[in-house]
Amino acid sequence: MRIALNLIAIAAVGFLAACGEEGCTNEEAMKKSTDLTAKLQEMAATDPVKLAELAPKVQELATKASGTGDDLQAACKAMDEMMVELSK
């Protein structure tokens, strides 16, 4: 559970830090962030073992998203990649 909360915090900071105006809109990014947070919370409650196994990859993608600065399109892409990983 602690891993999930850490991942949620990292993801939220990364996504909120990535604010821009092209491609993915702020509204789309917020929805993706909300969906991703819900998915992480769901996995923490229902399949913490799988979440722990995926944690390194998700953390890598969250770090990638947080490093996008003002590139909202890149942050949205990273969130999409995280959702794909979590949905496997």
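## Exercises on a four-helix predicted model

Glu81 is placed in helix H4, which covers residues 72-87; helices (H or I, at least four residues) and strands (E, at least two) are DSSP runs numbered from the N terminus. The model is predicted, so local features need pLDDT of at least 70 and side-chain atom pairs count only at pLDDT 80 or more, while totals for chains, interfaces and linings use all residues. Residues are numbered from 1 along each chain as its sequence is written, and side-chain values use heavy atoms, with hydrogens and water left out.

### Exercise 1

Task: Determine the accessibility class of Glu81 and list its contacts beyond four places in sequence.

Solution.
- Step 1. The classes are buried (under 20% relative accessible area), exposed (over 50%) and partly exposed in between, with a 1.4 Å probe and protein chains only.
- Step 2. Glu81 has a relative accessible area of 23%, and is therefore partly exposed.
- Step 3. A contact requires heavy atoms within 4.5 Å. With residues up to four places away in sequence not counted, Glu81 touches Leu61 and Lys64.
- Step 4. Leu61 lies 20 residues from Glu81 along the chain, and their C-alpha atoms are separated by 7.4 Å.

### Exercise 2

Task: State the class of Glu85 and identify its contacts outside its sequence neighbourhood.

Solution.
- Step 1. Glu85 also belongs to helix H4.
- Step 2. Its relative accessibility is 15%, so Glu85 counts as buried.
- Step 3. Apart from neighbours within four places in sequence, Glu85 is in contact with Leu54, Lys57 and Leu61.
- Step 4. Of these contacts, Lys57 is found in helix H3 and is partly exposed because its relative accessibility is 32%. The C-alpha atoms of Lys57 and Met82 are 8.1 Å apart, with their positions 25 residues apart in sequence.

### Exercise 3

Task: Compare the end-to-end span of H4 with its expected value, and list the buried residues of H4.

Solution.
- Step 1. The expected span of a helix is 1.5 Å times one less than its number of residues.
- Step 2. For the 16 residues of H4 this gives 22 Å; the end C-alpha atoms are 22 Å apart, so the two values agree.
- Step 3. The buried residues of H4 are Leu72, Ala75, Cys76, Ala78, Met79, Met82, Glu85 and Leu86.
- Step 4. Lys77 of H4 is exposed, because its relative accessible area is 52%. Lys77 and Cys24 are 53 residues apart in sequence, and their C-alpha atoms are 8.8 Å apart.

### Exercise 4

Task: Describe how buried and exposed residues are arranged around H2.

Solution.
- Step 1. H2 has 21 residues and reaches 30 Å from its first C-alpha to its last, close to the expected 30 Å.
- Step 2. Buried in H2 are Ala29, Ser33, Leu36, Thr37, Lys39, Leu40, Met43 and Ala44.
- Step 3. Viewed down the axis of H2, the buried residues fall within an arc of 160 degrees, so they line one face of the helix; the arc is that of the directions from the helix axis to the C-beta atoms.
- Step 4. Glu27, Lys31, Ala45 and Thr46 are exposed on the other side of H2.
- Step 5. Thr37 is in H2, residues 26-46, and is buried because its relative accessible area is 18%. A polar atom of the Thr37 side chain lies 2.9 Å from the backbone oxygen of Ser33.

### Exercise 5

Task: Identify the largest nonpolar core and the elements that give residues to it.

Solution.
- Step 1. A nonpolar core is a set of buried Ala, Val, Leu, Ile, Met, Phe, Trp, Tyr and Cys residues joined through side-chain atoms within 4.5 Å.
- Step 2. The largest core has 16 residues, and those with the most contacts inside it are Ala29, Leu36, Leu40, Leu51, Val58, Met82 and Leu86.
- Step 3. H2, H3 (48-66) and H4 each give two or more residues to this core.
- Step 4. For the protein as a whole, 38% of the 88 residues count as buried. Among contacts between residues at least 6 apart in sequence, 76% join residues at least 24 apart.

Key: Polar contact = N/O pair within 3.5 Å; in protein donor to acceptor, adjacent residues only side chain to side chain.
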